[in-house]
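This note is offered to a colleague who has asked for remarks on the model shown here. The points are numbered so that each may be taken up separately.

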Amino acid sequence: MTNRKINILIIAILCITLNCCASFTKKRFRKEIENLEDINLNKLEGNYSFHPIRRYYSLGKEDPNDKIPDSLVRNNAYDFLVNENYEKRKEFDSLRKKENEYQVSLNLENSKKLRLKVLENSTVIKDTMFIGKYRNGMFYLDNKYLDCNGIPHLFGGCRNNKRRIGLTKNGNLLINEAFSNEGAILLIIGAGYSYNVTYEYKRK
């Protein structure tokens, strides 16, 4: 194969890889969301429940009362926003005490910096700063994850996820994650899946 053909193939693979990244959708919560403006992003500030009160999922039949107890108990706003790996989540969970009350606090330092704190009773036990930006009525976090193995779309694939946050019309916090896992063999046999999942956290 000539160098020119190899270069064309590499460019084609890169284009396909970029186009297969996870994409957001508001389909499941479009009736619930308050579309924020750049000038009123400070509405995101406040304290919210540590565990979600509702889940909106992009797969399966739409259910206005999509409440999955196990999913809600295992999830919390801190892990979901920070995107910690499983071992980190287990480590954090082992330090928590059932008798104590946990909640998360959001504060905008400016239009591009969001501070997340975890409160145990009234004590701050986690303090994390996120970089992000306003777009389409929500705040998009810049903590995207992309991991590719082998040669994407030849012998290999890519995993990608990203998050954005917003508010419901009654002031609760929405955290939306888009996830994509794509793979193929020689551009012929493809396998993968993608989804959007959104959790709602009650304003305190």
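The points below go from the chain as a whole to individual residues and ring pairs.

1. **Status and overall composition.** The model is predicted, and the remarks that follow should be read accordingly. The protein chain has four helices and eleven strands. It comprises 204 residues, of which 41% count as buried. The exposed surface of the protein chain amounts to about 12,000 Å², and carbon and sulfur atoms supply 51% of that area.

2. **Contacts across the sequence.** Considering contacts in the protein chain between residues at least 6 apart in sequence, 59% join residues at least 24 apart. Several of the points below give individual cases of residues brought together from separate parts of the chain.

3. **Aromatic pairs.** How many aromatic pairs does the structure hold? There are four. One of these is formed by Phe50 and Tyr102, whose ring centres lie 5.7 Å apart; their planes meet at 40°, so the pair is classed as tilted. Phe50 belongs to the loop between β2 (46–49) and β3 (54–57), whereas Tyr102 belongs to strand β4 (residues 102–110), so the pair ties together parts 52 residues apart in sequence. Phe50 is buried, because its relative accessibility of 3% falls under the 20% limit. Tyr102 is likewise buried, with a relative accessible area of 9%.

4. **The pair Phe80 and Tyr199.** In this case the ring centres are 5.3 Å apart and the planes stand at 85°, an angle over 60 degrees, so the arrangement counts as edge-to-face. The pair links distant parts of the chain, with Phe80 in helix α3 and Tyr199 in strand β11, 119 residues apart. Phe80 counts as buried at 9% relative accessibility, and Tyr199 counts as buried at 8%.

5. **Asp79 in helix α3.** Asp79 is located in helix α3, which spans residues 77–82. Is this residue buried or exposed? Its relative accessibility is 6%, so Asp79 counts as buried. The C-alpha atom of Asp79 is 9.9 Å from that of Phe50, although the two residues are 29 apart along the chain. Phe50 is also the residue whose ring pairs with that of Tyr102.

6. **Thr198 in strand β11.** Strand β11 covers residues 189–201 and includes Thr198. Thr198 is buried, its relative accessible area being 2%. The side chain of Thr198 makes a polar contact of 3.0 Å with the side chain of Asn176. When neighbours within four places in sequence are left aside, the contacts of Thr198 are Phe29, Arg54, Arg55, Tyr56, Leu174, Ile175 and Asn176. Asn176 thus appears both in this list and as the partner in the polar contact.

7. **Lys204 after strand β11.** Lys204 is placed in the segment after β11. With a relative accessible area of 56%, Lys204 is exposed, because the threshold for that class is over 50%. Leaving aside neighbours within four places in sequence, Lys204 is nevertheless in contact with Asn47, Tyr48, Ser49, Glu101 and Gln103. From C-alpha to C-alpha, Lys204 and Gly171 are 9.7 Å apart in space and 33 residues apart in sequence.

8. **A charge over a ring.** Which ring does the charged end of Arg135 sit over? The charged end of Arg135 is positioned over the ring of Tyr140, at 4.0 Å from the centre of that ring.

Conventions. Residues are numbered from 1 along each chain as its sequence is written. This is a predicted model: local features need pLDDT of at least 70, side-chain atom pairs count only at pLDDT 80 or more; totals for chains, interfaces and linings use all residues. Side-chain values use heavy atoms; hydrogens and water are left out. Helices (H or I, at least four residues) and strands (E, at least two) are DSSP runs, numbered from the N terminus. Buried means under 20% relative accessible area, exposed over 50%, partly exposed in between (1.4 Å probe, protein chains only). A polar contact is a pair of N or O atoms within 3.5 Å; within protein, one must be able to donate a hydrogen and the other to accept it, and residues adjacent in sequence count only if both atoms are side-chain atoms. Contact means heavy atoms within 4.5 Å. Rings of Phe, Tyr and Trp (its six-membered ring) pair if their centres lie within 6.5 Å; planes under 30 degrees apart count as stacked, over 60 as edge-to-face and the rest as tilted. A charge sits over a ring if NZ of Lys or CZ of Arg is within 6 Å of the ring centre and within 35 degrees of the ring normal. Accessible areas come from the Shrake-Rupley method with a 1.4 Å probe; for residues, only the protein chains shown count as cover.
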